[in-house]
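Thanks for asking me to look this one over. My comments are below as numbered points, in the order in which I would go through them on screen.

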Amino acid sequence: MHSDIQQAANILAHARRLVILTGAGISKESGIPTFREAQQGLWAKHDPQRLATLQGFMANPKLVWDWYQFRLGLVEQAQPNPGHRAIAALEQRLPHVEVITQNVDGLHGQAGSHRVLELHGNIRRFKCLAGHTGLTMADLAGQQATPPLCPHPGCGALVRPDVVWFGENLDYRVLNQAIADCDACDVLLIVGTSGVVQPAASLPYHAWNARARIVEVNPEKSELTEIAHVHLSGPAGELLPQVAALML
Ligand code: OAD
């Protein structure tokens with residue numbers, strides 16, 4: 001294992017354009033549950049069709065709103081962990097670092113990462129079904145309705161979290177930027193994703209096609225492990241600081 005950590009450190013230390021793709025596993029040590037882990041994962045206990053689709057929201061807006069408020073509560077209590085901080089610190093060591101995350105918790109930004117693409121939106125942001133975006137909890141304060149109604153004059157449409165649900169498109173500008181970053185990188189670090197949700201799961205293949213070196217950190221094998229040159233098996237909050245410490 002130590003030689004694998006050293007190998008990962010050598011690869012990262014020589015990166016000219018590093019892309020870091022993260023998933024729920026990076027935030028697990030901050031107390032935020034992942035989705036697909038047996039028993040503990042959110043989708044092991046809850047039905048994503050009811051809770052994370054537009055159809056589910058239209059069928060039962062209160063159920064979906066309350067569930068996202070519950071998850072927002074977890075996120076608001078959470079702090080970045082040593083994995084997020086090790087990633088943020090790489091910006092000081094390397095010429096170009098880009099984080100692409102599937103997470104909606106904002107913890108990379110809180111840890112100090114400056115260039116973060118949020119593929120699946122942000123759970124602290126809201127939009128209405130009529131298309132008004134950029135709403136915050138402060139904009140919705142004082143409303144009795146659950147979910148709240150859009151405060152834009154004359155609107156009043158249902159408000160929903162500004163996250164990407166199953167069956168919805170990602171913001172094409174964010175996705176195009178992520179693809180361009182992966183096409184142009186020379187090292188890809190993949191952390192804490194099962195690699196099963198598209199289109200995020202195909203981003204590593206862009207890096208692979210561009211002949212980037214690929215390092216993965218995950219206690220389990222993922223759908224992406226087969227294209228990784230180095231797989232570090234263990235929790236990101238422990239392994240990423242060790243990798244960083246060995247980078248010369
Ligand atoms: P998953 O729950 O599918 O996968 C989490 C991964 O993290 C698994 O491979 C775990 O083995 C790994 N893991 C667990 N603990 C870890 C740790 N301490 N350090 C590193 N890795 C760890 O989550 P995602 O791949 O992020 O989408 O799921 C992708 C998307 O599916 C999410 O963004 C979400 C979900 O539905 C939307 O909500 C649109």
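The points that follow go from helix packing to single residues, the ligand and a few backbone details.

1. A word on the source before anything else. This is a predicted model, so please read each distance and angle below as a value computed from predicted coordinates.

2. I would begin with two helices, H1 (residues 2-13) and H12 (residues 236-246). Their axes lie 8 Å apart and make an angle of about 65°, and the crossing of H1 over H12 is right-handed. On the H1 side the contact is formed by His2, Ile5, Gln6, Ala8, Ala9 and Leu12, and on the H12 side by Leu239, Gln242, Val243 and Leu246. Sorted by class, that contact holds seven nonpolar residues, three polar ones and no charged ones.

3. Staying with H12, which of its residues are buried? They are Ala236, Gly237, Leu239, Leu240, Val243 and Ala244. Leu239 and Val243 also appear in the contact with H1. H1 is one part of the cover over the buried residues of H12, which also includes helix H2 (25-28) and helix H7 (82-93). Three strands belong to that cover too: S6 (187-191), S7 (213-217) and S8 (230-232).

4. Ala8 deserves a closer look within helix H1. Is Ala8 buried or exposed? Its relative accessibility is 0%, so Ala8 counts as buried. Leaving aside residues up to four places away in sequence, Ala8 touches Val215, Val230, Leu232 and Val243. If you would like a long span to check in your viewer, Ala8 and Arg125 are 117 residues apart along the chain, and their C-alpha atoms are separated by 35 Å.

5. Next comes Arg160, in strand S5 (residues 159-163). Arg160 counts as buried because its relative accessible area is 4%, under the 20% cut-off. What does the side chain of Arg160 pair with? It makes a polar contact of 2.7 Å with the side chain of Glu168. Beyond its neighbours in sequence up to four places away, Arg160 touches Leu54, Phe57, Trp65, Phe126, Lys127, Leu129, Trp165 and Glu168.

6. His120 is another buried side chain to inspect, with a relative accessible area of 13%. This residue sits in the loop between strand S3 (116-118) and strand S4 (121-128). From there, the His120 side chain reaches the backbone oxygen of Gln102 at 3.3 Å. Gln102 is also among the residues that His120 touches, and the others are Thr101, Val104, Asp162, Val163, Val164, Leu170 and Val197, again not counting residues up to four places away in sequence.

7. For the ligand, 23 residues surround it, and the closest are Phe35, Arg36, Thr193, Ser194 and Asn218. Where do oxygen atoms of the ligand meet N or O atoms of the protein? At Phe35 the partner is a backbone N or O atom, 2.7 Å from a ligand oxygen. At Thr193 an N or O atom of the side chain is 2.6 Å from an oxygen of the ligand. At Asn218 the partner is likewise a side-chain N or O atom, and the distance is 2.7 Å.

8. Two peptide bonds to proline should be kept in mind during any preparation of the model. Thr146 and Pro147 are joined by a cis bond with omega of about -5°, and Pro147 is in the loop between H9 and S5. The bond from Gln198 to Pro199 is cis as well, with omega near 0°; Pro199 lies in the loop between S6 and helix H11 (203-209).

9. Arg211 has a positive phi of about 65° although it is not a glycine. This residue is in the loop between H11 and S7, and its relative accessibility of 75% is why Arg211 counts as exposed.

10. Finally, Ala141 belongs to the loop between helix H9 (137-140) and S5. With a relative accessibility of 58%, Ala141 counts as exposed, whereas Ala8 is buried at 0%. Ala141 and Pro151 are 10 residues apart in sequence, and their C-alpha atoms lie 10.0 Å apart in space.

How values were computed: Residues numbered from 1 in each chain as written. Predicted model: local features only at pLDDT ≥ 70, side-chain atom pairs only at ≥ 80, totals over all residues. Heavy atoms only, no water. Axes fitted to C-alpha atoms, helices over the stretch in contact; angles between N-to-C directions. Helix = DSSP H or I, 4+ residues; strand = E, 2+ residues; numbered from the N terminus. Left-handed = near helix turned anticlockwise from the far one by under 90°. Contact = heavy atoms within 4.5 Å. Nonpolar A, V, L, I, M, F, W, Y, C, P; charged D, E, K, R; others polar. Buried < 20%, exposed > 50% of the residue type's maximum accessible area, 1.4 Å probe, protein only. Polar contact = N/O pair within 3.5 Å; in protein donor to acceptor, adjacent residues only side chain to side chain. Near = heavy atom within 4 Å.
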